[in-house]
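Here are a few quick notes from a pass through this one, meant to be read with the viewer open. They begin with the contact between the chains and then turn to chain A.

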Amino acid sequence: MKYGRVYVEDVRVGDDLPSLVKGPIKQIQLTRYAGASGDFNPIHQDDEFAREAGMGGVFAHGMLSMGFVAQALTDWAGAGSVRKLGVRFAGLVRLNDTVTCRGRVLAKTSKDDTHDVEVEVWAENQKGEKVVTGRAVVRVPSRA
Amino acid sequence: MASTLRKEVVGKEYPPYAVTVERGKIKEFARAVGDLNPFYLDDAVGRASPWGDIIAPPTFPITFRDEGADTAAFLRDLGTDISRVLHGEQEFELHRPIQPGQTYLCRAKVLDIYEKTGRSGPMAFVVRETTVTDGSNEIVATLRHVTVVRL
């Protein structure tokens with residue numbers, strides 16, 4: 001159900017969002033993300049720089065993983081549905097890591113014609129370690 | 001090599017700056033994330049959408065940088081450098097989608113600095129907020145950034 005659209009009537013508290021698997025992360029994607037985002041911090045490009053900075057080598061932009069989490073939300077609820085997304089970068093994503101984005105519905109609130117769904121979101125690496133944790137609010141339509 | 005940050009930066013407001021969103025930059029960003037949603041990439045789908053054009057992905061406003069400013073100035077203001085900073089937290093509040101051809105005004109300020117000692121030693125957390133308004137001065141997005149500085 002790619003590029004989905006959910007209706008408020010179909011959402012239940014406790015529902016799991018469809019998971020989204022991204023990666024394995026390659027250097028070229030970090031270089032491409034640097035160009036697209038304007039974040040040219042060498043810590044994401046230059047392994048020697050990242051080692052000297054005490055980070056044990058290159059790691060992905062946190063914002064790239066946040067972009068994955070946003071994609072998981074919009075693949076489920078539709079483009080333009082995200083009203084709020086807040087995350088903590090809980091762990092580093094390394095080259096060749098696979099990032100799986102997940103989510104769970106925490107609450108639904110409806111007021112007049114506005115229906116908001118609050119979601120717990122997170123992303124984990126291939127070892128099951130959380131690299132991103134957060135919350136989001138998506139606005140969804142009603143079938144009525 | 002413990003150091004401290006210049007806490008007088010708290011409350012500082014940076015000069016507002018304008019950003020005009022280019023259609024190609026939205027598409028480049030979506031492709032870089034690997035998000036091939038047609039509402040971001042396909043002009044025909046955008047035209048037929050409720051927004052009348054393509055829209056940007058939720059995290060796109062992170063690209064709104066002040067091209068006229070020295071990006072290292074903020075780190076110098078703090079008294080640190082790029083090898084010591086990490087992105088700790090990020091939040092977006094989105095009131096309406098960002099669209100190509102629109103010019104937005106961004107206002108950034110430093111809200112808070114606090115220190116904690118973590119597994120890897122003393123760290124400072126710098127909280128900034130950027131407010132993005134459109135041509136009619138309505139807020140379209142608010143970004144909250146938490147930068148972690150290894151002291």
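1. Keep in mind that this is a predicted model. On the interface, 29 residues of chain A are in contact with 29 residues of chain B.

2. As for where chain A's side of that contact comes from, three elements of chain A each give two or more residues: α1 (27-37), α3 (62-77) and β2 (82-89). The largest share belongs to α3(A), with 9 residues.

3. If you care about the chemistry of the side of chain A that touches chain B, its residues split into 15 nonpolar, 9 polar and 5 charged.

4. There is also strand pairing across the two chains, so to speak a good place to zoom in. β2(A) pairs with β2 of chain B, residues 85-94, in the antiparallel sense, over 5 bridges. For a concrete spot to click on, take A:Leu85: B:Phe92 in β2(B) is its bridge partner.

5. Now chain A by itself. It has 3 helices and 5 strands, and reading from the N terminus the order is β-α-α-α-β-β-β-β. That puts β2(A), the strand that pairs with β2(B), right after the run of helices in this order.

6. On overall dimensions, the C-alpha atoms of chain A fill a box of roughly 55 × 30 × 25 Å along the principal axes. Chain A has 144 residues, and 40% of them count as buried.

7. Last, contact range within chain A: take the contacts between residues at least 6 apart in sequence, and 67% of those join residues at least 24 apart.

Terms used: Residues are numbered from 1 along each chain as its sequence is written. Chains are lettered from A and ligands numbered from 1 in the order in which they are written. This is a predicted model: local features need pLDDT of at least 70, side-chain atom pairs count only at pLDDT 80 or more; totals for chains, interfaces and linings use all residues. Two residues are in contact if their C-beta atoms, placed from the backbone, lie within 7 Å. Helices (H or I, at least four residues) and strands (E, at least two) are DSSP runs, numbered from the N terminus. Ala, Val, Leu, Ile, Met, Phe, Trp, Tyr, Cys and Pro count as nonpolar, Asp, Glu, Lys and Arg as charged, and the others, Gly among them, as polar. Two strands pair if DSSP finds at least two bridges between them. A residue is buried if 20 or more other C-beta atoms lie within 10 Å of its own, exposed if 12 or fewer, and partly exposed in between; C-beta atoms are placed from the backbone.
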